[in-house]
Each structure stands twice: as C-alpha cells, then as structure tokens.
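Q: Please take a close look at the contact between the chains. Then follow it into the parts around it.

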Protein chains: 2
Amino acid sequence: MDAVIISIGSEVVSGAVVDTNAAWLASRLSELGVFTTRHVTIGDDRDLICAAVGQAAREAGLVLITGGLGPTQDDMTREALAEVIGQPLECDDHAVEHIRSLFHKMGRPMAEANLRQAQKPRGTDLLENPWGTAPGLRIPIGGARVVALPGVPREMRNMFERHVTGAAREHAVGSTVCTRVIRTYGEGESAVAGRIDAWMTPGRNPAVGTQASEGVISIRIMGRGPDEVTARRCVDADAAAIRGRLGEIVYGEGLDTLESVVVRRLIERGETVGVAESCTGGLIAAALTNVPGSSGCFGQGYVVYSNQAKTDLLGVPADLLERHGAVSAPVAEAMARGCRQRAGVDHAVAVTGIAGPTGGSPEKPVGLVYIGLAGPDECRVERHQWSDHLDRAAIRDRTTKAALNLLRLVTR
Amino acid sequence: MDAVIISIGSEVVSGAVVDTNAAWLASRLSELGVFTTRHVTIGDDRDLICAAVGQAAREAGLVLITGGLGPTQDDMTREALAEVIGQPLECDDHAVEHIRSLFHKMGRPMAEANLRQAQKPRGTDLLENPWGTAPGLRIPIGGARVVALPGVPREMRNMFERHVTGAAREHAVGSTVCTRVIRTYGEGESAVAGRIDAWMTPGRNPAVGTQASEGVISIRIMGRGPDEVTARRCVDADAAAIRGRLGEIVYGEGLDTLESVVVRRLIERGETVGVAESCTGGLIAAALTNVPGSSGCFGQGYVVYSNQAKTDLLGVPADLLERHGAVSAPVAEAMARGCRQRAGVDHAVAVTGIAGPTGGSPEKPVGLVYIGLAGPDECRVERHQWSDHLDRAAIRDRTTKAALNLLRLVTR
C-alpha cells in the first residue's frame, strides 16, 4: 500500500523554511514498510488543499498531512478537509477542555482564536496532542485513510508515533521494506554504477540506485519482502556482494562520514593525527572535530595560510618554498613532516593548493592541490588537479575529503 | 505568473535525503517576483514523472524540475520529458564534446553511459552546464515553459542563475519586482520583526518579511512597480529606513556573509587577524579563508583542541587551565592574547566551549562558550550559553558566527 505526504504552509512553499517533515515521515513509513510515492507542498490555501487531498486520496491508501492546524486565520487545513467530505465543522468538548487546561498550566490567557483548534469535521476523529495545542484529525476519504498532523516537527513526530504507526503497519501488510545505503569515495558516479550495473536492472528486488553528492557516491539498496526477515535477507545479500565488488572505495554505510570513520579507526588503533592546512584553511580540522569524541585522537592543528606561517609553525625551509613554490610536492611533504614532528602525532596530513578564483598560472592552474601524509613508516604525497567546473568552496571541500580519505586508507 | 517545482529522485521521496533545492528555488523565484504554488517530489519513475509534469504544465506558466539527469539507468527525467511531448531522444553533438572534454581534463576514462547525458528530446534545447556533466533541458509544453536542471545543489543553483532568471523575470512581467535582502546578526527573529513591524503590514508595497536561518535574520524587501526605477525607488526608501531602525545588527545585504564583511574591512584598514580555536576546531579559520583574497589579512590560525596544545602553541599557563578549566573566561583571554602575540597580528579571536553531546556539567553545561578578542587597545571576553535545542554542529556554527560578529564590530 502506498502513501502520499502533503505539507501545508505558505512559509514552506515560498522557500522561507525547508520542509524536513516530509523526509522524516517518508523514512519512518519506509521503515514500517509503506512506500511513499509522492510529497506535495502547498500554501495555506483552501482550494489548493482540497484539490491536493482529493487527488492524493484517489491514488494512495494512506495520506499524511502536516501543517495548517494552528489557531490563526491562515490555518486552513480543518476547513479544507470539512469541505472535501462535505461536512460542517463542529467543536469537540474534550478538545476545548484540553486547550483551556494547557493555557491554565502555562499561566497564560487564552485567546478565543485558540478554540478553532478544537474543531473537527462532523463524524471524524480528533487525535489527542499532549505535546501542543493542535489536535490531529483522522478522516476516511474514499478508500484512503487521511491523517492530519501539526506542522511543528516535535509535535508531528510524537503524534505520528502514537497515532499513525499502527495504521501504517496495517497498510504495510503484504510487503515490508528494508533499506541500506553504502557510502563510497574515490570514483565517479558512472564508474561506480558501471561496476555494479548487474544489480541495477529496473524492476529487480532489491532496487539498487546510485546518488552523487559532492564527491561521495552512495548506493541505496531497497528490498521488499512479505516480512522483515525476508526483506532484510535479500538486502543484506546484495549489500555484501556490492561491497565486495566495490572494495576499498566503500568507507561506510548510513550516517558514516569520512571523518567519523577516520576518528573511529584512529581511536581503535590508539593513534593520533595532526593537520597542517593551507588552501583548506581549517576545514580538515573542523571536519575531524565535528565528530564527538575526536579529542581521543586529535589535539591540535595548524592553519598555515602564508609562507611565513609554513616556516614559523612547521619549519618548512624558506629556500624550499622559494625554489618550488608553496604549491608543490616537496612543500606538502615538508609540511606533513613538520606537523608530525611538532605536534608529536602518529599521522600528519598537510595540504597546499590553489583554490581560486585567482592565483592560478599555466603551470599551476586553479584546482591544483598537493596532499602530504606523514606516518610512522613513510611520507607520501598525492597530487590532485580538480576539474575547473568546481568553485573555490567545492575545491576546498573535495580537497578536505581527499585528505580524509588518505587517512582512512592508511588506518585500515 | 505562477511556478510549480518538481523534485525528482528516489532518495528524496523516500526521505533518505532532505530536499533543499525546492526551498532554494522558491526563494529565488520569489525574489524575482514569481509565486510558487506547489512543490511535488516523486521518485525516478517514468510514469509518475510524466503525470507530474503534465499536470504542472497545465496549471503553471513555469515548471522547474530538478534531478534525474544523471548518467545511470535510474535517471529517467530525459525519457519522461520525451514521452510527454511525444518526441524521440537524440544525441546532441555539442554536449557529447563537452562531456568527453570534461573527462579528458580530469584524466579519467569516460564510461559510455555518460553519453546518456548528451541526449535531449528532438526539437528541444539543451542548457549548458559548465559546472558538471549533466546539461539541463528547456522544453515548451502547452503554454508552460518547462526547465529541467541537475539535482546536485551547486550545479542546480549555478544553472538557475544562468539559464532561468531571465525567463523568470519575463514571467513576472506586467509589474517589475525589485528586491533587497538585509542581513543581520545579534537578535532573534521576533525581536527584529518587533522593531520593524511598521513596515510589515500585510498588503503593503514593498512587502517586508523576515526569515531566520542558523542565527542570521534576513529582512526581505520586495517592491513592485510599473517599471524598474519606480520599484527600486520604493525599495531603497524602505531599506534605508529599516537599516536605520536596526542599527549595528545589520552586517550587509544579499550575498554578504559575516566573514566576507570582516575580511573586506580588515583589508581596507590594513590590519591582520589570527584565530585560536578549541570547540570550533577550525571553522572560524575555514570561514575567513573561504573569502577570496583573505590572504590579505589572514596568515595563520591555531586549532588547539587539547589543553596541551593551548599551552604549547599559545602559551596558556598550565596552572590557569588547572584552576579555571579550559572552558573559562581567563583561558579564553589568555588564548586570545597568546594568539595575538605569537601570530604577530592586530586582532586575535579565541574560542573555548563545550559543543556536546557529552562533556557538560551542572556548572558548565553543553552550549557554554567563551570568546576572547584581543586587539591593539584592549582584550575582552564574551560569554554565550547556547540554547539546549542546538546540537553539536549548530553550537559550533553559532559560535563561529558570534566570533566573526565580534570581529566585525571592532573593525567598523
């Protein structure tokens, strides 16, 4: 059975607010085995709401609406739902009591407008909301179960768990969905897809798809089955085969990031890392320290933007800078060695490059980056020439990921 | 004239990824005077795409599609658009050339699958994409102008600015729209709105609205007039009055960021800055160095995550750390003074705090941050206690902005 999600709110449709409710609901539904076919976002407009709800109820078994249940005149969801089923709005005494008592508890006077929230179309069910003033609504429309929830994320999530999960499981009867997402770094999307195209045939179960996001290629494996064990088994089998096929470019799954994997591995190995950054200007250190617990492997970093700083803080010889230029393999190596020694760490990563938009030359164009990695056994330097369609921020981001990936590969 | 936005991607409809493209597009369209009535999100499914595009083209003058233009089999947007207009797909030689040359430049082999991206429905226009391999498409369907853009946010945004803004302005014809967006930092949205409510009356021209995004409150002033001069004049008058009313919390307009303003001012004054970061772990340095030309005022920074690093790199006395703890006003001040002296800069900013999720205590809860600022004349320390609804990343982001804002205020 499929679901359609409708987000209502002028602030959402105008782009003033990013809608996170729809993604959250779709994820939870997917975990419960309900497949979301469509999200729709519309403003607080009665006619648009009526049209969207009518269409959704014709095409899906479950319609989840968020927003438009507030106390003000521009909240139109109740009115629109009453119109769709051709019933008048009426006050629910129990809900009036709940709203009055909430305001009493907060010690605040209640505006009469708040009683709008106690209204429901005749013959439908109000859904209790202990987390706020707006109750939800449950209304059968045609063959569809339509549920309206408040738009405030915290209230919406709690209401979903209390009032919708049971109904969602009923809708899921017959097929359960299970999903895994594999994260990779080091190859482009088409190369990755080319290596796993045997799994990507349309109509296959599990469904396998790729997605590129700023250098990270993700492989999503979504399986359906009559029950959770069966669905999970087919997803796990594909995941194992795909991971085997892709090898070392796989760095993790789900919420894993390059930095979280690096921090976890360093701590497991009891090793430490230091960073020396020129063109990334602090981004590698910032990525590592965004991982909770990173103090277990990271103590200090150097942002060495000027040549003087490279000499003062890392001991890079001035004549080396003079001879090869700051953006060069010898300087990247000297930075990494200097950082490793001065910070007293097991691994040191250093970057120097030209992030643009200016500062490039025919010999050293914008996007040229050297990454040095000094470890207990060796020091090596990787050269990258990022594509010229990347802007300054993207070059810095890709360089950060490449440096973290080098650290990942030496801490396997 | 109205617009409908269609986001395509199984990872979006399933909730694996939050769609930020739709909100960004709706915001930009609104700045250009085009009203978005609806967003729709669907998976990579040819039938669903056809149905959604057909419906949107019947109800709106401008239909913007993002996603589904990648090189892999599950990218169905090209096929679906060809089906909607009943034309076959054909290869565009110019696009083939562009894709081949991109791979050549990157020094990577091109999979044949990439040439799928050079296809377009016969008789339609490909839109050049210098920022990636997927060109966009422009197709008239009925009376509507339909534009398909890649789903990668950076590419989508650049493509929108190059290929869509002109068309969007045409859709806004009849009344010219002029917009200015004032950026502020330092007060909450309701406080800012309260100070300028005289300009925020519904139905007024220009329309004035506020928007909060990660600590920055923006005031959008959108004026309509029979021609550009008239529209601009009324917007400029309101902007001047509102800037006067809000005073020093205004840091810029449009694309200005706190860091771009700080870098510009420092360079104008011929002054330099250094940073010493504990809980922000490099974010302040990364923000400053993301501004092109920042080498004119920034040479080096210290990421001092451990106590040892604070002592080694900045000379913070060990007994000061012992006595007050790393997260304290005296340590923030000592870090700032040490940074200013060792880096030999005019201004030094230092932060120390508890970003969580662990590490807090009743006396020093998560979200407690001290920011030290040492300048030519004085050294001062600001204490922040961020709200407990902020997570680790948000605490680090707000602390970075607060530090940059301090620098902004002393370089006026």
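A: The contact comes first, then the sheets, helices and loops around it.

This is a predicted model, in which local features need pLDDT of at least 70, side-chain atom pairs count only at pLDDT 80 or more, and totals for chains, interfaces and linings use all residues. Residues are numbered from 1 along each chain as its sequence is written, chains are lettered from A and ligands numbered from 1 in the order in which they are written, and side-chain values use heavy atoms, with hydrogens and water left out.

Start with the extent of the interface. On chain A, 70 residues touch 67 residues of chain B (contact means heavy atoms within 4.5 Å). Interface size is often given as the accessible area lost when the parts come together. Here chain A and chain B bury about 5,100 Å² between them, 55% of it on carbon and sulfur atoms (buried area is the accessible area, for a 1.4 Å probe, that two parts lose on being put together, summed over both). A:S190, A:Y305 and A:H389 provide 12% of the area that chain A buries against chain B, more than any other three residues.

Now the polar side. Between chain A and chain B there are 32 residue pairs in polar contact, both residues at pLDDT 80 or more. A polar contact is a pair of N or O atoms within 3.5 Å; within protein, one must be able to donate a hydrogen and the other to accept it, and residues adjacent in sequence count only if both atoms are side-chain atoms. The side of chain A that touches chain B has 30 nonpolar, 29 polar and eleven charged residues. In this scheme Ala, Val, Leu, Ile, Met, Phe, Trp, Tyr, Cys and Pro are nonpolar, Asp, Glu, Lys and Arg are charged, and the others, Gly among them, are polar.

Side chains of opposite charge can pair when their charged atoms come close. Between chain A and chain B the count is one salt bridge (a side-chain nitrogen of Lys or Arg within 4 Å of a carboxyl oxygen of Asp or Glu). B:R154 forms it with A:E214, and the closest N and O atoms are 3.8 Å apart. A:E214 sits in the loop between β10 (207–213) and β11 (216–225) of chain A. Its phi is near 50°, a positive value in a residue other than glycine. Over all chains, the whole structure has 45 salt bridges.

Strands also meet across the interface. Strand β2 (residues 35–42) of chain A pairs with strand β2 (residues 35–42) of chain B in the antiparallel sense, over five bridges. Two strands pair if DSSP finds at least two bridges between them. Helices (H or I, at least four residues) and strands (E, at least two) are DSSP runs, numbered from the N terminus. Within the β2 pairing, A:H39 stands opposite B:T41.

A further sheet draws on both chains. It is open, has ten strands, and has the order β17(A)-β16(A)-β15(A)-β13(A)-β14(A)-β14(B)-β13(B)-β15(B)-β16(B)-β17(B), with mixed pairing. Its edge strands are β17 (379–385) of chain A and β17 (379–385) of chain B, each pairing on one side only. Neighbouring strands are turned by 15° against each other on average, direction ignored. Axes are lines fitted to C-alpha atoms, for helices over the stretch in contact, and angles run from 0 to 180 degrees between N-to-C directions.

Toward the chain A edge, seven bridges join strand β16 (residues 368–374) to β17(A), and the two run antiparallel. There A:V369 stands opposite A:H384. On the chain B side, helix α14 (residues 392–410) lies across β13 (273–277), β15 (347–353), β16 (368–374) and β17 of chain B. This helix runs at about 25° to β16(B). In the loop between β15 and β16 of chain B lies B:P357. The peptide bond from B:G356 to B:P357 is cis, with omega near 0°.

Chain B also has an open sheet of four strands, ordered β10-β11-β9-β12, with antiparallel pairing. Its edges are β10 (207–213) and β12 (250–253) of chain B. Ten bridges join β9 (residues 176–185) to β11 (residues 216–225) of chain B. B:V177 has B:R224 as its bridge partner. Helix α2 (residues 21–31) of chain B packs on this sheet, touching β9 and β11, and its direction makes about 40° with that of β11(B). Before the edge strand β10 comes another cis bond, joining B:N205 and B:P206, with omega about 0°; B:P206 lies in the loop between α7 (189–195) and β10 of chain B.
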